[in-house]
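I opened a notebook for this structure and kept a short entry for each thing I looked up. The entries follow in the order I made them.

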Amino acid sequence: MPRILGKADPSRMISAMTFRLLALAGLAACFASCSGPATGPGNSLSPDEWGHRPGPKGFGTVIIDAGHGGKDPGAVSHGVREKDLALDTAKRLQRHLSGKVRTVLMRSGDEFIDLDVRASRASGKSGAILVSLHYNSSGAGIRGPETYYWRVDSHGLATRIQRGMVAVSPSESGNRGMVRRRLRLTRNPDVPCVLAEIGYLSNASEARLCADPAYREKMAAALAKAILDQQANGDAGTGALPKPIYAPPSRPTDPAGS
Ligand SMILES: [Zn+2]
């Protein structure tokens, strides 16, 4: 805005009243872009901040995030720990993607990494996507995979991942399927990002399945196929894009489920 004023006619005097009006207009524009609803085509906000655009095609890097780790075991049920299964699945997924796309493991050992650190490590990498891997826990009767996303540009990938996992899972009961939820790893990274909950460890039968390396191998293969399908085809065949939602970054102090 100062540049436009300067270009118009540097020699022209701007009255104090005009200047105040322009300053107010500038403030209004800033308020609109910072608070969200008034932004749209032509605004100066980086599209990456919100992810309000179609999903990526031809991306070059997949950041694979094994959930939890170190002092944070995640779900512990029926003799298995989420952090171990997530790390094992992340390494399997990396093997399946090897030679087809560059991969980066968020953690390669039993290491605690704060969620905000994970989000910032995944950000600022152009041509990258983030896939976070988890195993779920809730009532004993619930089973089946779930996929979480928030950004518009993550909808297609989430759809492919959920479809791929459901095709491997032998049965589902009472689970939420694909869910749009503002989480630190679905809202805060500035790259397309999806969080996969591969199965419920709180369900005895599904915990047995998830504890079986052969089952995790099948899930890793399905995840790799979903990612490579997205890389080759973008959002084609994944349905209408969801509406943009303007919401601030997710914080640890947010109420659960918000
Ligand atoms: Zn988890």
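**Entry 1: L223 and its surroundings**

Leaving out residues up to four places away in sequence, I found L223 touching T89, L93, L133, I161, M165, A196 and I198. The model is a predicted one, and I read every entry here with that in mind. I placed L223 in helix α9. Is L223 buried or exposed? Its relative accessibility is 1%, so I noted L223 as buried, the cut-off being under 20%. I also looked up L223 with G164: the two are 59 residues apart in sequence, and their C-alpha atoms are 6.5 Å apart in space.

**Entry 2: the chain as a whole**

I then stepped back to the protein chain, which has nine helices and eight strands. Of its 258 residues, 45% are buried. I looked up contacts between residues at least 6 apart in sequence, and 83% of them join residues at least 24 apart.

**Entry 3: helix α6**

Helix α6 covers residues 155-168, which is 14 residues. From its first C-alpha to its last I read 20 Å, close to the 20 Å expected at 1.5 Å a residue. How many residues of α6 are buried? Ten of the 14 are, so I put α6 down as largely enclosed by the rest of the structure. The buried residues of α6 are H155, G156, L157, A158, T159, R160, I161, Q162, G164 and M165. Against what do they pack? I listed the strands β5, β6 (146-149), β7 (178-180) and β8 (193-200), together with helix α9 (213-233). Two of the buried residues of α6, I161 and M165, had already come up, as they are among the residues that L223 touches.

**Entry 4: helix α4**

For α4 I compared the span with the expected one: its 16 residues should span 22 Å at 1.5 Å a residue, and the end C-alpha atoms are 22 Å apart, which agrees. The buried residues in α4 are E82, K83, L85, A86, L87, T89, A90, R92, L93 and L97. T89 and L93 appear in this list, and both are touched by L223. Just after α4, I noted that G99 takes a positive phi of about 85°.

**Entry 5: the zinc ion**

Which residues coordinate the zinc ion? I found H68 through NE2, E82 through OE and H134 through ND1, at 2.0 to 2.2 Å. The spacing of these donor residues in sequence is H-x13-E-x51-H. E82 and H134 link distant parts of the chain, with E82 in helix α4 (residues 82-97) and H134 in strand β5 (residues 128-136), 52 residues apart. I checked the accessibility of both. E82 has a relative accessible area of 4% and is therefore buried. H134, at 8% relative accessibility, counts as buried too.

**Entry 6: aromatic rings**

I looked for aromatic pairs and the count came to one. W50 and Y246 form that pair, edge-to-face, with 5.0 Å from centre to centre and 70° between the planes. W50 is in helix α3 (residues 47-50) and Y246 is in the segment after α9, so the pair links distant parts of the chain, 196 residues apart. W50 is buried at 8% relative accessibility, whereas Y246 is partly exposed, with a relative accessible area of 29%.

I also looked for charges over rings. K71 lies over the face of F112, 4.4 Å from the ring centre. R180 lies over the face of W150, at 5.3 Å from the ring centre.

**Entry 7: R187**

R187 is in helix α7 (residues 184-187). Its relative accessible area is 5%, so I recorded R187 as buried. What lies 2.9 Å from a polar atom of the R187 side chain? I found the backbone oxygen of A247 there. Leaving aside neighbours within four places in sequence, R187 is in contact with E49, W50, W150, R182, A247, P248, P249 and S250. W50, from the aromatic pair, is thus one of the residues R187 contacts.

**Entry 8: R53**

My last entry is on R53, in the loop between α3 and β1 (61-66). R53 counts as partly exposed, at 33% relative accessibility. The C-alpha atoms of R53 and V152 are 6.0 Å apart, while the residues are 99 apart along the chain.

Key
Residues numbered from 1 in each chain as written. Predicted model: local features only at pLDDT ≥ 70, side-chain atom pairs only at ≥ 80, totals over all residues. Heavy atoms only, no water. Helix = DSSP H or I, 4+ residues; strand = E, 2+ residues; numbered from the N terminus. Buried < 20%, exposed > 50% of the residue type's maximum accessible area, 1.4 Å probe, protein only. Polar contact = N/O pair within 3.5 Å; in protein donor to acceptor, adjacent residues only side chain to side chain. Contact = heavy atoms within 4.5 Å. Donors = N, O, S within 2.8 Å, 3.2 Å for Na, K, Ca; no water. Expected span 1.5 Å × (residues − 1). Phe/Tyr/Trp six-rings, centres within 6.5 Å; stacked < 30°, edge-to-face > 60°. Lys NZ or Arg CZ within 6 Å of the ring centre and 35° of its normal.
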